[in-house]
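Me: I am new to this structure and should like to learn how its features are read. Could we begin with the way in which helices meet?

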Amino acid sequence: MATTFDISDVPAADAADLGAAMQALIENGRALVLLNGASADDLDAACAVLQNRHRATPHSSLAAVIRFRHLIEVFATRRLQQLLLDTGYAAIAPALAVAACMRLNGHRGFNPQLFLLELSAALADNVIAMEGYRRDHAPREHRYAA
């Protein structure tokens with residue numbers, strides 16, 4: 001008997017599953033999939049990895065595939081791309097964790113603003129403020145010296 005779930009509220013997935021799909025794309029030379037988007041081959045490779053991980057529970061595999069696809073789509077927004085460019089690879093693991101548990105509508109995808117807020121909060125927990133750091137990377141006492 002086939003199991004179904006409501007596509008308007010996709011169940012949560014395991015962040016390790018999304019990480020395995022991302023790792024498969026990284027190993028295939030598609031590490032920039034969050035910035036450039038995914039081709040059909042990329043999504044097929046991620047789907048194959050997730051199906052292999054969940055042979056006994058296909059509904060878990062389907063939820064992870066939907067979440068991974070919408071994770072890639074939400075990073076098409078300008079603010080999330082800029083956040084990824086500013087933080088680099090350090091943003092990928094927290095983004096996978098946020099995508100695994102954040103509410104997801106299968107028709108509309110993740111809410112980009114809420115995703116940005118959740119990801120920023122997750123990244124802020126791992127940031128140590130540097131004294132005197134400014135956006136132009138000059139220490140405070142040397143900014144105005146001429």
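Reply: The model is a predicted one. Let us start with a pair of helices: Ala16, Asp17, Ala20, Ala21, Ala24 and Leu25 in H1 are in contact with Asp42, Ala45, Ala46, Val49, Leu50 and Arg53 in H3. Sorted by class, this contact holds nine nonpolar, no polar and three charged residues.

Me: How is the arrangement of two such helices described?

Reply: In general, one gives the angle between the two axes and the distance between them. Here, the axes of H1 and H3 come within 9 Å and cross at roughly 135 degrees. Angles over 145 degrees would count as roughly antiparallel, and 65 to 115 as roughly perpendicular; H1 and H3 are therefore oblique to each other. The crossing of H1 past H3 is right-handed.

Me: Is Asp17 of H1 buried or exposed?

Reply: Buried means under 20% relative accessible area. Asp17, which lies in helix H1, has a relative accessibility of 5% and so counts as buried. Apart from neighbours within four places in sequence, Asp17 contacts Leu50, Arg53, His54 and Ala64.

Me: How does one check the length of a helix, and what does H4 span?

Reply: One compares the span expected at 1.5 Å a residue with the distance between the end C-alpha atoms. Helix H4 covers residues 58-74, and its 17 residues should span 24 Å; the end C-alpha atoms are 24 Å apart, so the two agree.

Me: Which residues of H4 are buried, and against which helices do they pack?

Reply: An α-helix has 3.6 residues a turn, so residues three or four places apart point the same way. In H4, the buried residues are Ser61, Ala63, Ala64, Ile66, Arg67, Phe68, His70, Leu71, Ile72 and Val74. They pack against H1 (15-27), H2 (33-36), H3 (40-53), H5 (78-87), H6 (92-101) and H7 (112-124).

Me: Where is Gly106 found, and which residues does it touch?

Reply: Gly106 is in the loop between H6 and H7. With a relative accessible area of 11%, Gly106 is buried. Its C-alpha atom is separated by 6.7 Å from that of Asp9, although the two residues are 97 residues apart along the chain. Leaving out residues up to four places away in sequence, Gly106 touches Ile7, Ser8, Val10, Arg69 and His70.

Me: What does the chain as a whole contain?

Reply: The chain has seven helices and zero strands. Of its 146 residues, 34% are buried. Among contacts with a separation of 6 or more, 71% join residues 24 or more positions apart.

Note on methods. Residues are numbered from 1 along each chain as its sequence is written. This is a predicted model: local features need pLDDT of at least 70, side-chain atom pairs count only at pLDDT 80 or more; totals for chains, interfaces and linings use all residues. Side-chain values use heavy atoms; hydrogens and water are left out. Helices (H or I, at least four residues) and strands (E, at least two) are DSSP runs, numbered from the N terminus. The expected span of a helix is 1.5 Å times one less than its number of residues. Buried means under 20% relative accessible area, exposed over 50%, partly exposed in between (1.4 Å probe, protein chains only). Contact means heavy atoms within 4.5 Å. Axes are lines fitted to C-alpha atoms, for helices over the stretch in contact, and angles run from 0 to 180 degrees between N-to-C directions. Angles under 35 degrees count as roughly parallel, over 145 as roughly antiparallel, 65 to 115 as roughly perpendicular and the rest as oblique. A crossing is left-handed if the near helix is turned anticlockwise from the far one by less than a right angle, and right-handed if clockwise. Ala, Val, Leu, Ile, Met, Phe, Trp, Tyr, Cys and Pro count as nonpolar, Asp, Glu, Lys and Arg as charged, and the others, Gly among them, as polar.
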